[in-house]
Amino acid sequence: MSAYGVSATGTVYEIGGQRFEVATSGFAQAIANAHAARQRPRCQCTPEGVEMYVARLAGPHGGYIVKRMPDTGCRHACDCASYEPPADLSGLGQVLGTAINEDPATGQTSLRLGFSLTKLPGRSQMPTAGGESESVATDGTKLSLRGLLHYLWDEAELTKWHPGFAGKRTWGTVRRQLLSASEDKFARGDSLRSRLYIPETFFVDQRDELNIRRSAQWLQALSAPGKPQCLMLLIGEVKAIVPARYGFKIVVKHVPDQAFALDHQLYRRLGRRFETELALWGASDHIHMVIIATFGVAETGVPVISELSLMPVTQHWLPVENAFDEQLLDRLVNQGRTFRKGLRYNLPASIPVASATLIDTGGEPCSLRISREAEVDIEERMQTETHQHSHQPQSWVWHLDDGAMPPLPKKRLLTETADLRP
């Protein structure tokens, strides 16, 4: 389901009875023909093969790409570029097929959102400031703001880590991959990409050009008397959340000359709802804070946030929930491991999810969990349920009551076929 598809160099597909390796002569024409004939390529990473589909790329240059069929990532070999952990190891399993529906016939994905992208005149917004259990958006039928951010992060492959990515993930890379991930995604009939504002990397000598492009994009969210206001989606890195001369403001990196206004009520709820995330951000210089928010532009030109959610990430832009999660990811990165970070989507903190899944442990991946005493019964029940399904990886658990983190499963060499995109 990646926005980039899974056509990595070295991958072999069977198309129309013939085998083609990606990037070799004839492959591009073969998948174009397969798309026209509605043929399904088969990835040859396993003896039986795994069915894929061909999607047309958006944009003026066109072209085609081979993509996973929905919810089939765990059927691929774990060293295949198409592999992803089973959806029920993370919050994806709750929303896949309900809040997230991918149509292989068109290559488009329909999203059901649990928050508004329109503000009616004369009606004040009652922001939910995230997506925990008290919000209607936390069931499996609609994506909360946090759920949408996690989905885009997964689709952009920013949850994947390989030692070759070190030093290559900049904000420019993150932005580019998120925008690509938003292609062919639709909500309420509208293109998600058209509503998404992700700041460009700021350069002083390009200030005027950047401001012109930003202002042009924000026109769709400009308030007009007596008319419904279209809201936009912001994804950016928070630089500061501070009092303003009137109310409060959020300063976003790469937007140095325009803060986002925040009313007093939302500011207070922000502090309560995201206490853990804000404490982690404040305690570590290596943590970035990512914001997703809906916002409109007042008649004065000032952007005003309606609803928001926050997500701490490491210096490598890998999401973390708390200090234990950060400690585990730091060890994985420092040991040169290859893994996929698990995300919570709409699930509340009381429901355990796999923190990460190691895919460098030989032919069998390994899910990594962090367990608290209060979660033991839930975790045991969850493991019993997931083991009833096929394609479930082996499991490693760090029980916090036992003290220090136990040794990680051993790394085993595999033939690397993954696309080393940072």
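How many cavities of 30 Å³ or more does a search of the whole structure find? The search finds 3. Keep in mind that this is a predicted model. The tour starts inside and works through the rings, the cysteines and some backbone angles.

**Stop 1: the largest cavity**

Select E84, P85, S90, L92 and D154. Of the 20 residues lining the largest cavity, these are the closest to its centre. The volume of this cavity is about 210 Å³.

Now colour by secondary structure. Two elements, helix 3 (145-155) and strand 19 (339-341), each supply at least two residues of the lining. Helix 3 gives the most, with 3 residues.

What is the chemical make-up of the lining of the largest cavity? It divides into 10 nonpolar, 4 polar and 6 charged residues.

**Stop 2: helix 3**

Stay on helix 3 and select 145-155. Is this helix mostly covered or mostly open? Mostly covered: 11 of its 11 residues are buried. Charged side chains are on the list of buried residues, including R146, D154 and E155. So are the aromatic residues Y151 and W153. L145, L148, L149 and L152 are buried too, as are G147 and H150.

D154 deserves a label. It is one of the buried residues of helix 3, and it is also among the residues closest to the centre of the largest cavity.

Step just past the end of the helix to E157. Its phi is positive, at about 65°.

**Stop 3: the largest pocket**

Select E277, E321, N322, R344 and A349. These lie nearest the centre of the largest pocket, which is lined by 29 residues. The pocket has a volume of about 590 Å³.

Which elements give two or more residues to its lining? They are helix 3, helix 7 (264-273), helix 8 (275-283) and strand 18 (303-313). Helix 3 therefore turns up at both stops: it contributes to the pocket lining and to the lining of the largest cavity.

Colour the pocket lining by residue class. The split is 12 nonpolar, 5 polar and 12 charged.

**Stop 4: the aromatic cluster**

Show the rings of Phe, Tyr and Trp. The count comes to 10 aromatic pairs. Begin with Y197 and W218. Their ring centres are 5.3 Å apart and their planes stand at 80°, so the pair is edge-to-face. Y197 lies in strand 12 (residues 196-197) and W218 in helix 6 (residues 207-218), so the contact ties together parts that are 21 residues apart in sequence.

Check the accessibility of each partner. Y197 counts as buried, at 6% relative accessibility. W218 is also at 6% and counts as buried.

Now add F295. Y197 and F295 form another edge-to-face pair, with 6.5 Å from centre to centre and 70° between the planes. This one links distant parts of the chain: Y197 sits in strand 12 and F295 in strand 17 (residues 288-297), 98 residues apart. Both Y197 and F295 are buried.

Add F260 to complete the selection. Y197, W218, F260 and F295 form one aromatic cluster.

Before leaving, show R214. Where does it sit relative to W218? R214 lies over the face of W218, at 5.2 Å from the ring centre.

**Stop 5: the cysteines**

How many disulfides does a search of the whole structure find? The search finds 0. Select C78 and C45. C78 is in no disulfide, and the nearest cysteine sulfur, that of C45, is 9.7 Å away. A disulfide needs the two sulfur atoms within 2.5 Å.

Is C78 buried or exposed? C78 counts as buried, because its relative accessibility is 6%. Next select C230. This cysteine is partly exposed, with a relative accessible area of 32%.

**Stop 6: positive phi in loops**

Select D71. Its phi is near 60°, a positive value in a residue other than glycine. D71 is in the loop between strand 5 (64-68) and helix 2 (92-95). At 42% relative accessibility, it counts as partly exposed.

Move to R188. It is not a glycine either, yet its phi is positive, at about 55°. Its place is the loop between strand 10 (185-187) and strand 11 (190-191). R188 counts as exposed, at 53% relative accessibility.

How values were computed:
Residues are numbered from 1 along each chain as its sequence is written. Side-chain values use heavy atoms; hydrogens and water are left out. Buried means under 20% relative accessible area, exposed over 50%, partly exposed in between (1.4 Å probe, protein chains only). Rings of Phe, Tyr and Trp (its six-membered ring) pair if their centres lie within 6.5 Å; planes under 30 degrees apart count as stacked, over 60 as edge-to-face and the rest as tilted. Helices (H or I, at least four residues) and strands (E, at least two) are DSSP runs, numbered from the N terminus. A charge sits over a ring if NZ of Lys or CZ of Arg is within 6 Å of the ring centre and within 35 degrees of the ring normal. On a 1 Å grid over the protein atoms alone, a cavity is a set of points where a 1.4 Å probe fits but cannot get out, and a pocket is an open set with protein on both sides within 12 Å along at least five of seven lines; lining residues have an atom within 4 Å of a point. Grid points are joined across faces, edges and corners, and a volume is the space filled by probe spheres set on the points. Ala, Val, Leu, Ile, Met, Phe, Trp, Tyr, Cys and Pro count as nonpolar, Asp, Glu, Lys and Arg as charged, and the others, Gly among them, as polar.
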